[in-house]
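The questions below deal with helix packing and salt bridges. Each answer works towards a value or a name.

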Amino acid sequence: MPKNSMPKEAAYQVITDELMLDGNPRLNLASFVTTWMEPECDKLMMASINKNYVDMDEYPVTTELQNRCVNMIANLFNAPIGSGEAAVGVGTVGSSEAIMLAGLAFKRKWQQKMKSQGKPYDKPNIVTGANVQVCWEKFARYFEVELKEVKLKEGYYVMDPVKAVEMVDENTICVAAILGSTLTGEFENVKLLNELLTKKNTETGWDTPIHVDAASGGFIAPFVYPQLEWDFRLPLVKSINVSGHKYGLVYAGIGWVVWRSKEDLPDDLVFHINYLGSDQPTFTLNFSKGSSQILAQYYQLIRLGFEGYKSIMENCIGNALILKEGIEKTGRFEVVSKDVGVPLVAFALKDSTKYTVFQISDALRKFGWIVPAYTMPADAEHIAVLRVVVREDFSCSLAERLISHIQEVLKELDSLPSRIVKDSHVVAVAKEVLEENKDGEAAKMSDRKIQEKVTKQWRHYVKTKKTGVC
């Protein structure tokens, strides 16, 4: 801390100057998080920036607006609305907190059941795909739950429902399905998972439930794929989380978790406080938080309505298809993302022997683009891809500009000496395999081993870089 104060204008200028070195949020194609909102919403957020949301007695209208958001999102996810049925939910700082809360609810319900049956309750586990976001690993480690991951394979980068159900045992607190994989944007088959798990529950007498991590896809599927059954229409889906700050179109800092019914949220996890003026139930990991994001979410829901969200999501998907077609036309990449899912394009080099996706990612930065390059999880680590997330503010013209810059980068890298295949150990691997067998299968294996070696080398390089984006 400086010993003396400085004029407010000077402090403002010092910080502004430093922030000039940050990347441009609009060109940050690594992030799913919203980077643009209407000026009217900006004004609402600034007007409420000094309100602490947790003071419900002092700010009852803000609390009511949060409850309206929960109700609208629950209806969007087809929560049961019959007699005596009512979904419950809460706003969170993001999907990470939402997942922690949902996981705790599953763990507590499972513990109560095992205690009542006189069985051990000290070894809970959760089944997920290896493609889950890191917040699931955090939940497992922080709250002492074994994480059982279904491994991926080349060409199939989401959780296999068949393998997931095979891994379920009596200690499984839930199976977590992803609606919009972080890696490829693909929706996992929640309906098939529900069918297979229902059958296993019937055979075993268990009641293993499903949680849907719809952080990215929860504000896409209801508008673009309304016939897709992934939500509370499936009986085993007991809770769903979604990120308001992704395709909910709100700036960073808001997520939601909704439970199918009050019975799915154990009462002993809900705290009641009265030192802020009245009895207030609270179920969050943190306490104080700003109310701006909640008001921004309510603004977007009533401002856009179903029609507005549908239009924006369809436009994002259209721009993603334009980008995909442009990337495919280069003839240099294989697109690994799917057309049905979150609007993003993930693509791998067909030939990584001369340069890698990591070099392409670095080279694109000179144009201002932030395009992440990463390797797939187990057992597909040898696959390295680039990923472009298409948000509301990523227009068709920006997509075309990005394609032209990728072409420039490819041309530049083609003109440079190879920095990879000259590594003697990589060439030796290829030569050894080819000498063993001259048929096409050997050649294919040679290519794969080269790719694995190249990727391993660049993974080591990337690990030394401390900056990154979730």
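Angles between helix axes over 145 degrees count as roughly antiparallel, and those under 35 degrees as roughly parallel. The model discussed here is predicted.

Q: Are helix 2 and helix 9 roughly parallel or roughly antiparallel to each other?
A: Helix 2 (residues 39-47) packs against helix 9 (residues 292-329) with the axes 8 Å apart and an angle of about 150 degrees. The cut-off for the antiparallel class is over 145 degrees. The two helices, helix 2 and helix 9, are therefore roughly antiparallel.

Q: How many residues of the contact of helix 2 with helix 9 are nonpolar?
A: Helix 2 contributes Glu 40, Cys 41, Leu 44 and Met 45, and helix 9 contributes Ser 292, Gln 293, Ala 296 and Tyr 299. One residue of the contact is charged and two are polar, while the number of nonpolar ones is five.

Q: Is Glu 38 buried or exposed?
A: Glu 38 lies in the loop between helix 1 (8-19) and helix 2, and is paired with Arg 303 in helix 9, 265 residues apart. The closest N and O atoms of this salt bridge are 2.8 Å apart. Arg 303 is partly exposed at 44%. Buried means under 20% relative accessible area; because Glu 38 has 18%, Glu 38 counts as buried.

Q: Which residue meets Lys 324 in a salt bridge?
A: Lys 324 belongs to helix 9, and the partner is in the loop between strand 10 (333-335) and strand 11 (344-349), 15 residues apart. At 18% relative accessibility Lys 324 counts as buried, whereas the partner, at 43%, is partly exposed. The N to O distance is 2.8 Å, and the partner is Asp 339.

How values were computed: Residues numbered from 1 in each chain as written. Predicted model: local features only at pLDDT ≥ 70, side-chain atom pairs only at ≥ 80, totals over all residues. Heavy atoms only, no water. Axes fitted to C-alpha atoms, helices over the stretch in contact; angles between N-to-C directions. Helix = DSSP H or I, 4+ residues; strand = E, 2+ residues; numbered from the N terminus. Parallel < 35°, antiparallel > 145°, perpendicular 65-115°, else oblique. Contact = heavy atoms within 4.5 Å. Nonpolar A, V, L, I, M, F, W, Y, C, P; charged D, E, K, R; others polar. Salt bridge = Lys/Arg side-chain N within 4 Å of Asp/Glu carboxyl O. Buried < 20%, exposed > 50% of the residue type's maximum accessible area, 1.4 Å probe, protein only.
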